[in-house]
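This report describes selected features of the structure shown below. It considers a helix and its surroundings, the pairing of strands, and a set of salt bridges.

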Amino acid sequence: MSAFTLYGQTFNSRFLLGTALYSSPQAMVDSVKAAQCNIVTLGLRRQNPQEKDGQAIWSAIRDTGCTLLPNTAGCKSAKEAVNLAEMSREIFNTSWIKLEVIGDDYNLQPCPFGLVEAAEELIKRGFQVLPYCTDDLAVCQRLLDVGCQVLMPWGAPIGTGQGLLNRYNLRTLRERLPTTPLIIDAGLGAPSQACEAMEMGFDGVLLNTAVAKAQQPPIMAKAFASAIAAGRAAYESGLMVKRQTASPSTPTIGQPFWHQK
Amino acid sequence: MPIPSSIAIAGAGLVGSLLAWRLLEDAQQSGLKRRVELFEKSSLKYPRAAAHTAAAMISPLSEVVVSERAIYDMGICSLGLWPQWLSTLNKHSATPVAYNNQGSLVVAHPSDESELEQFAQDLHFHLQHENTATWLTGHELRQREPDLSQQFNRGLLLPDEAFLDNRQLMINLHQRIVALGGKIHENAEMQFQPQAVCDGFDLSRFALCVDARGVGAAQSQAVRGVRGEVLWVQTPEIKLQHAVRLMHPRYKLYIVPKPNNSFIVGATEIESQDSSPVSVQSMMELCSALYTLNPAFAEARIIELDANLRPSYLNNMPAIHHQPQQGTASINGLYRHGYLLAPHLIAQFIDSLKSA
């Protein structure tokens, strides 16, 4: 599998894993190891970051050796997201931020307006922004206009496990933004769905719930890692185009006719 | 080898208090003289132990879904021990500790039915043929709990799961410890460096010092605190006989009936060493769970809000460490399973002392 580059950094794994919802920090660490991922996301909104009260879990995440991608999960306005990003930068000493600005409480849909506003402000402040966005082409283009170099469109709403809900939109994004790293973020529930995203030419997959809530998270992490690698390999080696007429893979010339049933 | 004749215990929370009482009770039953002293860094009038904040459920089935099989096995052992131990304790107490083992109910809002399915599937995965959970129809649910909202089409019954009145338990335990000749030193902070020390006390007089400080041991052990927030409400309008768990995609909450028409609703679980007051977000989640179970909870009165830290190791499993050469031991990491695991761990620890 080829490496991919985000904001000038090259990674061997195209699997980005979230660190929330596991039954224990140890289960999370074991899953990250099994996934062989290079990037992990982490949220700190509810951990009283002003007082740095999440040190124990942050240390466990740091010790995985992965590149940290703090997120702004739980923020509902650009202002909240910018404040949290500043805190993350101070705590984790990284200017990378997975930007989330939630526009709807029920399906946790990204708010396109708050997202663009926050992205613009964060980029001015020197952040490398990886926005969690919908699959809307116009929104994605606006995010690129304000300086994002990576986009993370959703497959489906967070935690639903629904897979790729709008293939038309996702294909459009891939075709219209051929040089932008695109990572499918959220909504994937099965390795086959991650594999499909990779076969479509997406550059990576980010997920959390499907692994963390599996009965055996490290094994599920491995399953996703294999599926992501398979999907990428398939994309890079060129998938055949579907066709209507059957075409035998073994030549029939010379085959005695009485063998046919 | 007999149990040491003098034992100091750091921390008058659930583990420390239960251990002190069992050691004294054991000595009395065996006709032995045993000195047991508890050292608590705060005042018992203003308890800060997680034991005080907890809902005190003994629910091995519910918990195996979010942990490991070993938690279930230890919990089943505790389920056997609690009635025996409480029967002994209650003989000597003016106000007995209420114990309810009618089982737990698990429900989900109709739009979150998949959460209930997932719970049932996870339970089956962990327990296979030992899974005793049974499905109840909406009608059967309301036969057991008439005050449960009409919107629940079905639910799960987890038989034999129990809960107890933990605040009364702690009072009775402390009274019984003193009655049996034990001592409780309040505002006395014991530390392990690694030898046990405590200002104003000569701990070298004790053959064994046991560290049962929970998150208080974070300096000397790899214990972290995991924040939990609970809400207490009171209403005479609603009666519940079971602990009820509400499955929800974002949070799993429980409501446990307590004495005096009160209910405890909990608990959030946040990976943070933050013990500051309950947040608005958590309060909304907890209240929303209550309202889902029965809208009449809307007029209940909020009588208490509490936030505390669950002592946890990285794998969220408990551990007993014993260093006989140093004369120290520790029991810690009970995480969210204090009442589920404490009797098993204490019985195991006392047995190990006897056979050491």
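Which residues of helix 8 of chain B are buried? In this predicted model, they are S282(B), E285(B), L286(B), A289(B), L290(B), T292(B) and L293(B). Viewed down the axis of helix 8 of chain B, these buried residues fall within an arc of 165°, and they therefore line one face of the helix. The face turned away from the buried side carries the exposed residues V280(B) and M284(B). The length of helix 8 of chain B, which comprises residues 280-293, agrees with expectation: at 1.5 Å a residue its 14 residues should span 20 Å, and the end C-alpha atoms are 20 Å apart.

The cover over the buried residues of helix 8 of chain B includes strand 5 (104-108), strand 13 (224-234), strand 14 (243-247), strand 15 (253-258) and strand 16 (262-266) of chain B.

**Strand 14 and its partners**

One of these covering elements, strand 14 of chain B, is itself mostly covered, with five of its five residues buried. A243(B), R245(B) and M247(B) point one way from the strand, whereas V244(B) and L246(B) point the other way, and all are buried.

Strands of a sheet pair through backbone hydrogen bonds, in either the parallel or the antiparallel sense. Both senses occur here. Strand 14 of chain B runs parallel to strand 5 of chain B, and five bridges join the two; within strand 14 of chain B, M247(B) stands opposite A108(B). With strand 15 of chain B, strand 14 of chain B pairs in the antiparallel sense over three bridges, and R245(B) has Y254(B) as its bridge partner in strand 15 of chain B. Strand 14 and strand 15 of chain B form a hairpin, with five residues between them.

**A six-stranded sheet**

Chain B also contains an open sheet of six strands in the order 9-2-1-12-19-18, with mixed pairing. Its edge strands are strand 9 (183-185) and strand 18 (319-323) of chain B, each of which pairs on one side only. Neighbouring strands of this sheet are turned by 15° against each other on average, direction ignored.

Within the order given above, strand 12 (residues 208-211) and strand 19 (residues 328-332) of chain B pair in the parallel sense over three bridges. D211(B) has S330(B) as its bridge partner in strand 19 of chain B. Helix 1 (residues 14-30) of chain B lies across strand 1 (6-10), strand 2 (35-39), strand 12 and strand 19 of chain B, and it runs at about 170° to strand 2 of chain B.

**Salt bridges**

How many salt bridges does a search of the whole structure find? The search finds 27 over all chains. Three pairs in chain B are listed here.

| Acidic residue | Basic residue | Closest N to O distance |
|---|---|---|
| E63(B) | R336(B) | 2.8 Å |
| D211(B) | R213(B) | 2.8 Å |
| D274(B) | R227(B) | 3.6 Å |

The pair of E63(B) and R336(B) links distant parts of the chain: E63(B) lies in helix 3 (residues 60-64) of chain B and R336(B) in the loop between strand 19 and helix 9 (338-355) of chain B, 273 residues apart. With a relative accessibility of 5%, E63(B) counts as buried, because buried means under 20% relative accessible area. R336(B), by contrast, is partly exposed, with a relative accessible area of 31%.

In the second pair, D211(B) and R213(B) are both buried. D211(B) is also the residue whose bridge partner in strand 19 of chain B is S330(B).

The side chains of D274(B) and R227(B) meet in the third salt bridge of the table. D274(B) lies in the loop between strand 16 and helix 8 of chain B and R227(B) in strand 13 of chain B, so the pair ties together parts that are 47 residues apart in sequence. D274(B) counts as buried at 6% relative accessibility, and R227(B) counts as buried at 2%.

In chain A, salt bridges link E86(A), R89(A), E121(A) and R125(A) in a network.

**A loop residue in chain A**

A214(A) is found in the loop between helix 8 (209-212) and helix 9 (217-237) of chain A. At 16% relative accessibility, A214(A) counts as buried. Leaving aside residues up to four places away in sequence, A214(A) touches T209(A) and M220(A). A214(A) and A225(A) are 11 residues apart in sequence, and their C-alpha atoms are 14 Å apart in space.

Definitions and conventions: Residues are numbered from 1 along each chain as its sequence is written. Chains are lettered from A and ligands numbered from 1 in the order in which they are written. This is a predicted model: local features need pLDDT of at least 70, side-chain atom pairs count only at pLDDT 80 or more; totals for chains, interfaces and linings use all residues. Side-chain values use heavy atoms; hydrogens and water are left out. Helices (H or I, at least four residues) and strands (E, at least two) are DSSP runs, numbered from the N terminus. The expected span of a helix is 1.5 Å times one less than its number of residues. Buried means under 20% relative accessible area, exposed over 50%, partly exposed in between (1.4 Å probe, protein chains only). The arc is that of the directions from the helix axis to the C-beta atoms. Contact means heavy atoms within 4.5 Å. Two strands pair if DSSP finds at least two bridges between them. Axes are lines fitted to C-alpha atoms, for helices over the stretch in contact, and angles run from 0 to 180 degrees between N-to-C directions. A salt bridge is a side-chain nitrogen of Lys or Arg within 4 Å of a carboxyl oxygen of Asp or Glu.
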